[in-house]
Amino acid sequence: MRKSISILIIILCLVLPGKIYGITLIETQIRNAYVQAIRTKSFRPLQVLYGKIYSNKKMPNRNYWLAYTRLNEATYLKVYHKNNKDFLQQGISILQKTDGNSENLALEALMQAMTLSNLQGMEAGIAYKLCFNNANRAISQNKNNVRAWYVMGTIDYYTPLMMGGQKKCEYDLKKAISLRQNKNANPWLPRWGKLEAYQLLTTYYLSKGKKAEARKTCLQGLRVFPHSKELQVLGKKSGI
């Protein structure tokens, strides 16, 4: 699962539509801070935003977004080959203090999956079980959670073939794509997952030499996310 870091870096470089009824989504603020950090090669934009979220004790879903910011910080550090273990662990610890709902479990599972690149042997095996179990719990609690299905598909995709990987990622990612995305006006709820599922499913088909399926999936994704640079790149690879 070490290669999972690269897809996460691509994912986090994307900027989502930024406003609903004039309110800037907190998710978009965090992603934009990440993009700014990459462009300026400075950790500061993410640090400043984390501080603002931390100091806002009344922010809805505050712990989720603190952990999500830590995820972005950890990804930034990985880009520059720096140790990100502490940031991942801090994010996981924050989520473990929450009520353990489907959204929190899905994000925790994703961060636990990222820690696998820092682990070996039995320690990696234990961490793998934790992230798989949390993704499974996230789905059990809410079968309509786009992010839970995407994370489960991601875990299976990056599991080595000799360990039974890539047996169900196609199903999981298709499920994530088929679900309705959260479109209500609440700016404090997460919306990531569907674009990432289109990207990873297209990548999966290309890796298996299934260009027709890759092209079909990528075209569907581009209809929903026409400005996605990653889907545009994948489209060229699939013959669009």
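Tyr76 is a good place to start: at 5% relative accessibility, Tyr76 counts as buried, because the cut-off for burial is under 20% relative accessible area. Please keep in mind as you read that this is a predicted model.

**The surroundings of Tyr76**

Which residue pairs its ring with that of Tyr76? The partner is Phe43: the two ring centres lie 5.4 Å apart and the planes meet at 35 degrees, so the pair is tilted. Phe43 sits in the loop between helix 2 (26-40) and helix 3 (44-55), while Tyr76 belongs to helix 4 (residues 62-79). With their positions 33 residues apart in sequence, the pair links distant parts of the chain. Phe43 has 16% relative accessibility and therefore counts as buried.

**The chain as a whole**

Stepping back, the chain contains twelve helices and two strands. In sequence order the pattern reads α-β-β-α-α-α-α-α-α-α-α-α-α-α. Of the 240 residues in the chain, 54% are buried. If you take the contacts between residues at least 6 apart in sequence, 60% of them join residues at least 24 apart. The exposed area of the chain is about 12,000 Å², and carbon and sulfur atoms supply 54% of that area.

**More aromatic rings**

The Phe43 and Tyr76 pair belongs to a set of 14 aromatic pairs in the structure. Another member joins Tyr204 and Tyr205, whose ring centres are 5.7 Å apart. Their planes stand at 55 degrees, so this pair is tilted too. Are Tyr204 and Tyr205 buried or exposed? Both are buried.

Elsewhere, ring pairs connect several residues at once: Tyr64, Trp65, Tyr68, Tyr150 and Trp192 form a cluster.

Tyr54 offers a ring with charged company. The charged end of Lys57 sits over the Tyr54 ring, 4.3 Å from its centre. The charged end of Arg62 also sits over the ring of Tyr54, at 5.1 Å from the centre.

**Salt bridges**

Side chains of opposite charge can pair when their charged atoms come close. How many salt bridges does a search of the whole structure find? The search finds six, and the table gives details for some of them.

| Salt bridge | N to O distance |
|---|---|
| Arg31 and Glu196 | 3.0 Å |
| Arg70 and Glu73 | 2.6 Å |
| Arg147 and Glu103 | 2.7 Å |

Let's take the Arg31 and Glu196 bridge to begin with. Arg31 is in helix 2 and Glu196 is in helix 10 (residues 194-207), so the bridge ties together parts that are 165 residues apart in sequence. Arg31 is buried, with a relative accessible area of 1%, and Glu196 is buried as well, at 2%. Glu27 also comes into this picture: salt bridges with shared partners join Glu27, Arg31 and Glu196 into one network.

The bridge between Arg70 and Glu73 has a local setting. Both residues lie in helix 4, three residues apart, which is about one turn of the helix. Glu73 counts as buried at 1% relative accessibility, and Arg70 is buried with a relative accessible area of 11%.

What does the salt bridge between Glu103 and Arg147 link? The pair links distant parts of the chain, with Glu103 in helix 6 (residues 102-115) and Arg147 in helix 8 (residues 146-158), 44 residues apart. Arg147 is buried, its relative accessible area being 4%.

**Helix 12**

Towards the end of the chain, helix 12 (residues 229-237) has Glu230, Leu231, Leu234 and Gly235 as its buried residues. Why are these residues on the same side of helix 12? They cover an arc of only 140 degrees around the axis, and that puts them on the same side of the helix. On the other side of helix 12, Lys229 and Lys236 are exposed. Just after this helix, Gly239 takes a positive phi of about 95 degrees.

Methods
Residues numbered from 1 in each chain as written. Predicted model: local features only at pLDDT ≥ 70, side-chain atom pairs only at ≥ 80, totals over all residues. Heavy atoms only, no water. Helix = DSSP H or I, 4+ residues; strand = E, 2+ residues; numbered from the N terminus. Buried < 20%, exposed > 50% of the residue type's maximum accessible area, 1.4 Å probe, protein only. Contact = heavy atoms within 4.5 Å. Areas by Shrake-Rupley, 256 points an atom, 1.4 Å probe, with all protein chains shown as cover. Phe/Tyr/Trp six-rings, centres within 6.5 Å; stacked < 30°, edge-to-face > 60°. Lys NZ or Arg CZ within 6 Å of the ring centre and 35° of its normal. Salt bridge = Lys/Arg side-chain N within 4 Å of Asp/Glu carboxyl O. Arc of directions from axis to C-beta.
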